[in-house]
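The exercises below ask you to work through a structure step by step, with a solution after each task. Please look at the sequence and the structure before you begin.

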Amino acid sequence: MILRPFAAARPISHLLRRTHKPTPTLLTQIRTLTQADIDDPGMNGGYPNPPAQKRQFRDPYADWWDKQERRNFGEPVHEDHDILGVFSPHEYTHFSAQKG
């Protein structure tokens, strides 16, 4: 027994004739560099990015303004401060791989 909606359905060939034409406005969105992109390639607003040095390897006996974080007042922090800070996991440097 064939159900009536299936028997009266149109063939799929009429769907194949329809094609989607992209609008020309979508094709005109081309990314160009502006002068601001050229002047600030890091896109951080000109913030100075100091070298990546873990706070663990800084001198613990130096006269730091913040003794726990081993940093001076007004010193810029690296953009990866969460990885390079004192509270990040410490690197184990007591033995080399050859001795271990």
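## Exercise 1: An exposed pair

Lys67 and Asp63 join their side chains in a salt bridge, with 3.4 Å from N to O; the model in which this pair appears is a predicted one. Decide whether Lys67 is buried or exposed, and whether Asp63 is buried or exposed.

Solution. Begin with the cut-off, which is that a residue counts as exposed when its relative accessible area is over 50%. Lys67 has a relative accessibility of 53%, and therefore counts as exposed. Asp63 reaches 71%, so that this residue counts as exposed too.

## Exercise 2: Bridges that share a partner

Find how many salt bridges the structure holds, and work out which residues are joined into one network by bridges that share partners.

Solution. Start with the total, which is four salt bridges in the structure. Next, take the pair formed by Arg58 and Glu75, whose closest N and O atoms lie 2.6 Å apart. Both residues of this pair belong to the loop between helix 3 and helix 4, yet they are 17 residues apart, and the pair links distant parts of the chain. Glu75 also takes part in a salt bridge with Arg55, where the closest N and O atoms are 3.9 Å apart. Because Arg55 and Glu75 both lie in the loop between helix 3 and helix 4, at positions 20 residues apart in sequence, this second pair ties together separated parts of that loop. Finally, salt bridges with shared partners join Arg55, Arg58, Glu69 and Glu75 into one network. As general background, side chains of opposite charge can pair when their charged atoms come close.

## Exercise 3: The surroundings of Arg55

Locate Arg55 in the chain, say whether Arg55 is buried or exposed, and list which residues Arg55 touches, leaving out those up to four places away in sequence.

Solution. Arg55 sits in the loop that runs between helix 3 (35–39) and helix 4 (81–84). The cut-off for a buried residue is a relative accessible area under 20%, and since Arg55 has a relative accessibility of 5%, Arg55 counts as buried. Its bridge partner Glu75 is buried as well, at 19%, and Arg58 also counts as buried because its value is 14%. With residues up to four places away in sequence set aside, Arg55 touches Glu69, Arg70, Arg71, Glu75, Val77, His81, Leu84, Gly85 and Val86. One of these contacts, Arg70, is found in the loop between helix 3 and helix 4, and is buried with a relative accessible area of 18%. Arg70 has a positive phi of about 55°, although this residue is not a glycine.

## Exercise 4: The whole chain and its confidence

Describe which elements make up the protein, and state which element has the lowest mean pLDDT and which the highest.

Solution. The protein contains four helices and zero strands, so that its pattern along the sequence reads α-α-α-α. Of its 100 residues, 15% are buried, and the protein exposes about 9500 Å², of which carbon and sulfur atoms supply 60%. Turning to confidence, the average pLDDT of the protein is 77, and 67% of the residues score at least 70. Among the elements, helix 1 (residues 4–7) has the lowest mean pLDDT, 58, while helix 4 has the highest, 89. Where pLDDT is low, the predicted coordinates should not be read in detail.

Notes. Residues numbered from 1 in each chain as written. Predicted model: local features only at pLDDT ≥ 70, side-chain atom pairs only at ≥ 80, totals over all residues. Heavy atoms only, no water. Helix = DSSP H or I, 4+ residues; strand = E, 2+ residues; numbered from the N terminus. Buried < 20%, exposed > 50% of the residue type's maximum accessible area, 1.4 Å probe, protein only. Contact = heavy atoms within 4.5 Å. Areas by Shrake-Rupley, 256 points an atom, 1.4 Å probe, with all protein chains shown as cover. pLDDT = per-residue confidence, 0-100.
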